[in-house]
Every structure is written in C-alpha cells, then in structure tokens.
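Okay, morning everyone, I've got one structure to walk through today. Have a look at it on the screen and then I'll talk you through the numbers.

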Amino acid sequence: MIQVNPHYAKLQSSYLFSEIARKVEEYRSAHPDSEIIRLGIGDVTLALPPSITAAFRDAVEEMGSDAGFHGYGPEQGYAFLREAIAEGDFGSRGINIAPDEIFISDGAKCDTGNIQELFATDIRVGVPDPVYPVYVDTNVMAGRTGAYDNGRFEGLSYFVANAENNFIPSPPESGQDTVDLIYLCFPNNPTGATASKEQLAAWVEYAQAHNSLILFDAAYEAYVRDPELPSSIYEIPGAEKVAVEFRSFSKTAGFTGTRCAYTVVPRACTAYDQTGAAVSVRELWNRRHTTKFNGVSYPVQKAAAACFTETGREELRHMTDYYLLNAGLIRTAIESFGYSCVGGVNSPYVWINCRGDSWAFFDRALERAGVVITPGTGFGPAGEGYVRISAFNHRDKVEQALERLTQAFEQ
Ligand code: MLT
C-alpha cells in the first residue's frame, strides 16, 4: 500500500494565495461585470524593459541557429551571469562574493523552500511571525514540526514582529530555545519593514555564538533607497560564515513570469555533521542543485545578465521607482483614512493596522471596492489585525483602487 507523507496532513487546507484566488474567483462569478483590481499577491505588472527584452529576443534568435544553439547549460548557471551578479550586486558595493558562490535558479520561492532539505530533521527552526508561508510549510512537509495549533506549528520558534518592536524581531534571548536555522527577510514580506545594520548584526552575532545558520531572503532589496540600510546580509562583517542569501529578478526586474533568481552560498558558510565536524553548506547545495535542477534557460539568463548593463540598471531603477511611488500613494491614502501603517518606503508592501479581523477587512475591500488585498492572518497569528497592500500594479489601477477604497470606507 502506498502511503502518503503524513506531515502533509498537518498543513493548513490551502496555501494563502490559493485561498485568496478562490475567493476572488467566487466574487468574479457573482459580479461578472465588475473590474477587479489586484493589490494582493506581489506580482509585477510593468513590461520587461526594452534592453532586457532585446537581450531575451537576441538569445532566442541565437537558439534558432545551429551555431548559436545551447543545450543543457551548467546547472549552477552560465558564467556570464554569475560573473555579472558577483560584480554588479556585490563587488561594486565592496562585498566579496565569488561567481562560484552564486547558484542561478528559477525562483527564490523554490530555493527558500528547498534549502531546508540540507539539514537534519531534528534541528530547531525559527521563522518570523508574520511570515512568508513557504518557510513554514516546507519545514512542515519535511517533518520538522508537530501539529498545527492556534495558528502555529509545535516545534517551530516564532520571532514575532509587531508594533512594539517596530516590526523587527530581535534574536532569542538566553533562556529561550536555541534556534539552529533562522529565516529572515528584509525588506520584509509581508510587513515592508527594513532592518538596520545594527539589527542584522545582532542576528549574525547570535548565529556565530550558537553555530546557527541564517537564511536571508533579500528578494526585495532593489527597493532599498536609504543608503544607511543594508541591502545584503554580507554587509555585516562575518555574515559570510553564517548566512545564505536569496535574491530574485522577479520583483527587481519584472521576472515573475520569466523566472530567474539566485542563491549565494559563500565558501566560508558551514553547518555541522553528527560528530560536530564542519561541513561546507556550499558543497551540499551544489550537490543538491546539480542532482535536482537542470539550469535556467539560456535566453532567460541572457535577459537577466542584461540587468547589469548601464542601460539595464537605469531601466530597472525606473521600474522600482515606479512601484515605490505607488507604495507612497497607498501609504498616504491609507493614513488619510485614519489607519496606521508600516512599509511602503524602501519596500513595495504596505502593512496596515486594520484594527480588526483581517479576513473581514479583505472581504470588505473585495465586496465594496472590488479590490484584492492580502489578509495579515494568512501570514501567521501576529498578522491578525493587519492587511497587506502590494504596490505592484499600474499607476491608474492603484489610483482607481484607492478612490474605490476611499468610497468604501466612507460608507
Ligand atoms: C507575495 O505576494 O508574497 C509574493 O508574490 C509571493 C512570492 O513571491 O512567491
């Protein structure tokens, strides 16, 4: 008899964004003439910029000739892209990351979800609350948790982010459970909060003191405009020994449909075997990646490499500026309704204190305004009482959504 993985039974009935999609579909069927505006899932809407589209098209053309055809590429990514990233995202900012410490993939969701399989099942995992659900669900699937109870899984440590700590949790204190694997995300999804260098340094220090590993999700780093804020954990001295960083072209360059991301695993980064001997995390990730992944397509990697040309950089800056301006408009409008919020500055997400049930607020925005947002409770119990609005849409849609919400909340 084929038995299923029993840990799947612990998962909540559906992934947050599937549940939202179900509700939106229900609304659409009931109101076929109403135009829905989506400010829920953080999916980009602006076209790929011209120089990136051109690089993509040229690479597709190359593939159409025997001379330019590419079959399997290196699983870890082509050297031209890894070198462009090492210099463009790190070297140019004084951070020393070698091209062979960079692994190209088809998404930060997959990488943040997959990396946990390098580690033992009985380690202690710590996640933020509210949290990007992928970090939690993949550890549940792997059997690292007990049952789901009151919004939380037994066996996980939760780092609560709330108004009291300005949405930046501190590392566990002595007396609290020691955490081996630490998930952090800054600029944060869902709250939009950003951590200072000092705040990140406290986590690096904690990881060094406890031989822990930080999984740092920097998918939104391109939205950081404040030069004092870190856009990489490797700006913190010593982080290369205790942190893996995930980055993506999705929100940075409009690649949500194109698929390209990368994970940085420095050579110095170590985990430990059962005898306590140090093991290279990079070697393990390389082993996993080459076994389970066959690389991102050549045209996509060519398009990603075009992000690092001078023109590409300018185009992407315009793109992220555009979404940041949307975020500012959302924040101003929401504050004018009398709600307090965080994020929307150095981040494309605005996290709003909705002063009540977050699914009820979601329903109200959908029913009265035809606007899709994300209920905070879907990101964990500390998200209850909050909703997230994403700045990823065209300006006219954002403006229209804010007008509709204004009317809805005046009713
Ligand atoms: C979000 O809306 O939280 C993100 O779009 C999800 C993702 O990047 O997978």
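I'll start with the overall fold, then go to the cysteines, and finish with one proline.

So, first thing to say: this is a predicted model. The protein has 13 helices and 17 strands, so there's plenty to look at as you turn it around. If you draw a box along the principal axes, the C-alpha atoms fill roughly 60 × 60 × 55 Å.

How does the radius of gyration sit against what you'd want for a compact globule? For 411 residues, the rule puts a compact globule near 22 Å, and the protein comes in at 21 Å, so the two agree. Buried residues, by the way, are 54% of those 411.

Now contacts. Take the ones with a sequence separation of 6 or more: 73% of them are between residues 24 or more positions apart.

On to the surface. The accessible area is about 17,700 Å², and carbon and sulfur atoms own 49% of that. For charges, we've got 34 positive and 52 negative ones in the protein. Their mean positions, positive against negative, are 2 Å apart.

Right, cysteines. How many disulfides are there? The count is zero. Let me show you the reasoning with one pair, Cys260 and Cys307. For a disulfide we'd want the two sulfurs within 2.5 Å. The closest cysteine sulfur to that of Cys260 is in Cys307, and it's 8.3 Å away, so that's too far for a bond. And going the other way, Cys307 has Cys260 as its closest partner, at that 8.3 Å. Are these two buried or exposed? Cys260 is buried, with a relative accessible area of 0%, and Cys307 counts as buried too, at 4%.

Last stop, Pro266. Where is Pro266? You'll find it in the loop between β10, which is 261-264, and β11, which is 270-272. It's a loop residue, but Pro266 is buried, with 2% relative accessible area.

What does Pro266 touch, once you leave aside its neighbours within four places in sequence? The list is Ile97, Glu101, Tyr234, Glu240, Ala243 and Arg282. One more distance while you're zoomed in there: Ser280 is 14 residues from Pro266 in sequence, and C-alpha to C-alpha they're 9.0 Å apart in space.

That's my tour, so over to you for questions.

How values were computed. Residues are numbered from 1 along each chain as its sequence is written. This is a predicted model: local features need pLDDT of at least 70, side-chain atom pairs count only at pLDDT 80 or more; totals for chains, interfaces and linings use all residues. Side-chain values use heavy atoms; hydrogens and water are left out. Helices (H or I, at least four residues) and strands (E, at least two) are DSSP runs, numbered from the N terminus. The radius of gyration is taken over C-alpha atoms; the globule rule is 2.2 Å times the number of residues to the power 0.38. Buried means under 20% relative accessible area, exposed over 50%, partly exposed in between (1.4 Å probe, protein chains only). Contact means heavy atoms within 4.5 Å. Accessible areas come from the Shrake-Rupley method with a 1.4 Å probe; for residues, only the protein chains shown count as cover. Lys and Arg count as positive and Asp and Glu as negative; His and the chain ends are not counted. The place of a charge is taken as NZ of Lys, CZ of Arg, CG of Asp or CD of Glu.
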